[in-house]
Amino acid sequence: MKNALVNLVNISKSFDNQMVLDDLNLYIRENEFLTLLGPSGCGKTTTLRILGGFETPDKGQVIFEGRDITNLPPNKRNLNTVFQKYALFPHMTIAENIAFGLKISGKSKSYINDKIKYALKLVNLDGFENRMPDSLSGGQQQRIAIARALCTKQPIILFDEPTSALDPEMVQEVLDVMIELAQEDITMICVTHEMGFARQVADRVIFMEDGRILEEGTPEHFFDNPENPRCREFLSKILH
């Protein structure tokens with residue numbers, strides 16, 4: 001069994017005196033594809049934001065490879081986040097968008113060019129270097145956002161409902177890229193409402209409600225034989 005890469009230890013978080021995460025404990029293994037599921041407001045996105053450094057817990061620790069990173073800002077963490085919105089710079093070419101983080105970190109021009117080509121190939125957008133974001137479909141823009149996250153070669157990528165802002169016909173092209181990425185040596189944590197995708201790709205599924213983990217297991221266990229009645233109720237509403 002692979003070692004735990006990240007541990008969330010006794011994490012609690014509230015907004016306006018409303019508890020969003022309630023003493024949450026969660027481990028994430030190296031090269032695991034972990035999917036967070038649950039009803040709206042259950043704490044999935046807050047968990048992702050605390051992992052990414054965009055929120056600080058009221059209580060608890062975020063441990064990465066044995067080191068406490070709870071108070072580190074996002075740019076100091078060994079991870080990248082792909083948001084619901086593509087967050088591309090509209091005045092930059094696709095190549096410039098992908099290279100942005102690499103330039104900040106002082107990488108050489110040849111290194112950056114190699115990484116741009118590598119990332120575009122992974123998301124099946126070879127030759128798009130000189131295009132502008134507004135010339136791309138929503139699905140293509142999200143794939144560029146994924147390419148940008150891949151380029152810095154961080155060991156963890158967080159996906160916050162990466163298809164929710166897309167038209168239905170564009171969803172599958174982004175999911176197809178993520179399915180391919182699941183074969184790479186990358187740890188991925190994904191908040192999604194795409195049940196078929198979660199079943200196909202996830203190594204482990206976490207079901208949350210009211211800021212707590214109610215059930216976890218393999219996709220086979222979660223979708224075919226969930227033990228928690230709230231989980232069964234959730235699935236019956238979603239899948240039927």
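**Exercise 1. Salt bridges in the structure**

A search of the whole structure finds 13 salt bridges. The structure is a predicted model.

Task: Which residue does E55 meet in a salt bridge, and which parts of the chain does the pair tie together?

Solution.
Step 1. The side chain of E55 meets that of K13, with 4.0 Å from N to O.
Step 2. E55 belongs to the loop between α1 (44–52) and β4 (59–64), while K13 belongs to strand β1; the pair therefore ties together parts that are 42 residues apart in sequence.
Step 3. Buried means under 20% relative accessible area. Both E55 and K13 are buried.
Step 4. The pair is part of a network of salt bridges that links K13, R49, E55 and D58.

**Exercise 2. Two further salt bridges**

Task: Where in the chain do D22 and R212 lie, and how many residues apart are they in sequence? Treat R204 and E32 in the same way.

Solution.
Step 1. D22 and R212 form a salt bridge whose closest N and O atoms are 2.7 Å apart.
Step 2. D22 is in strand β2 and R212 is in strand β10, so this salt bridge ties together parts 190 residues apart in sequence.
Step 3. D22 is partly exposed, at a relative accessible area of 22%. R212 is also partly exposed, at 44%.
Step 4. R204 forms a salt bridge with E32, and the closest N and O atoms are 2.8 Å apart.
Step 5. R204 lies in strand β9 and E32 in the loop between β2 and β3; this pair links distant parts of the chain, 172 residues apart.
Step 6. R204 and E32 are both buried.

**Exercise 3. The open sheet**

Task: What is the order of the strands in the open sheet of 4 strands, and which strands stand at the edges?

Solution.
Step 1. The order is β2-β1-β4-β5, and the pairing is antiparallel.
Step 2. The edge strands are β2 and β5 (67–68); each has a single partner strand, so one side of each is left without a neighbour in the sheet.
Step 3. Strand β1 (residues 4–15) pairs with β2 in the antiparallel sense, over 8 bridges.
Step 4. In β2, L21 is the bridge partner of K13.

**Exercise 4. A hairpin**

Task: How many bridges join β9 to β10, and which residue of their hairpin takes a positive phi?

Solution.
Step 1. Strand β9 (residues 204–209) and strand β10 (residues 212–217) run antiparallel and are joined by 5 bridges.
Step 2. I213 in β10 stands opposite M208.
Step 3. The hairpin of β9 and β10 has 2 residues between the strands, and D210 takes a positive phi near 55°.

**Exercise 5. Helix α1 and the loop after it**

Task: Why can α1 be called largely enclosed by the rest of the structure?

Solution.
Step 1. The buried residues in α1 are K44, T46, T47, L48, I50, L51 and G52.
Step 2. This is 7 of the 9 residues of α1, so α1 is largely enclosed by the rest of the structure.
Step 3. Just after α1, G53 has a positive phi of about 90°.
Step 4. F54 lies in the loop between α1 and β4. F54 is partly exposed, with a relative accessible area of 33%.
Step 5. From C-alpha to C-alpha, F54 and A99 are 22 Å apart in space, and they are 45 residues apart in sequence.

**Exercise 6. Positive phi outside glycine**

Task: Where do N17 and E65 lie, and are they buried or exposed?

Solution.
Step 1. Most residues other than glycine have a negative phi.
Step 2. N17 is not a glycine, yet has a positive phi of about 65°. N17 is placed in the loop between β1 and β2, and at 83% relative accessibility N17 counts as exposed.
Step 3. E65, not a glycine either, has a positive phi of about 50°. E65 is in the loop between β4 and β5 and counts as exposed at 57% relative accessibility.

**Exercise 7. A patch of charge**

Task: Which residues gather in a patch of negative charge on the surface?

Solution.
Step 1. The residues of the patch are E30, E65, D176, E180, E184 and D185.
Step 2. E30 lies in the loop between β2 (18–29) and β3 (33–37).
Step 3. E30 is partly exposed, with a relative accessible area of 41%.

Note on methods:
Residues numbered from 1 in each chain as written. Predicted model: local features only at pLDDT ≥ 70, side-chain atom pairs only at ≥ 80, totals over all residues. Heavy atoms only, no water. Patch = residues over 30% accessible without salt bridge, like charges linked within 9 Å, V, L, I, M, F, W, Y side chains within 5 Å. Areas by Shrake-Rupley, 256 points an atom, 1.4 Å probe, with all protein chains shown as cover. Lys, Arg positive; Asp, Glu negative; His and termini not counted. Charge placed at Lys NZ, Arg CZ, Asp CG, Glu CD. Buried < 20%, exposed > 50% of the residue type's maximum accessible area, 1.4 Å probe, protein only. Pairing = 2+ DSSP bridges.
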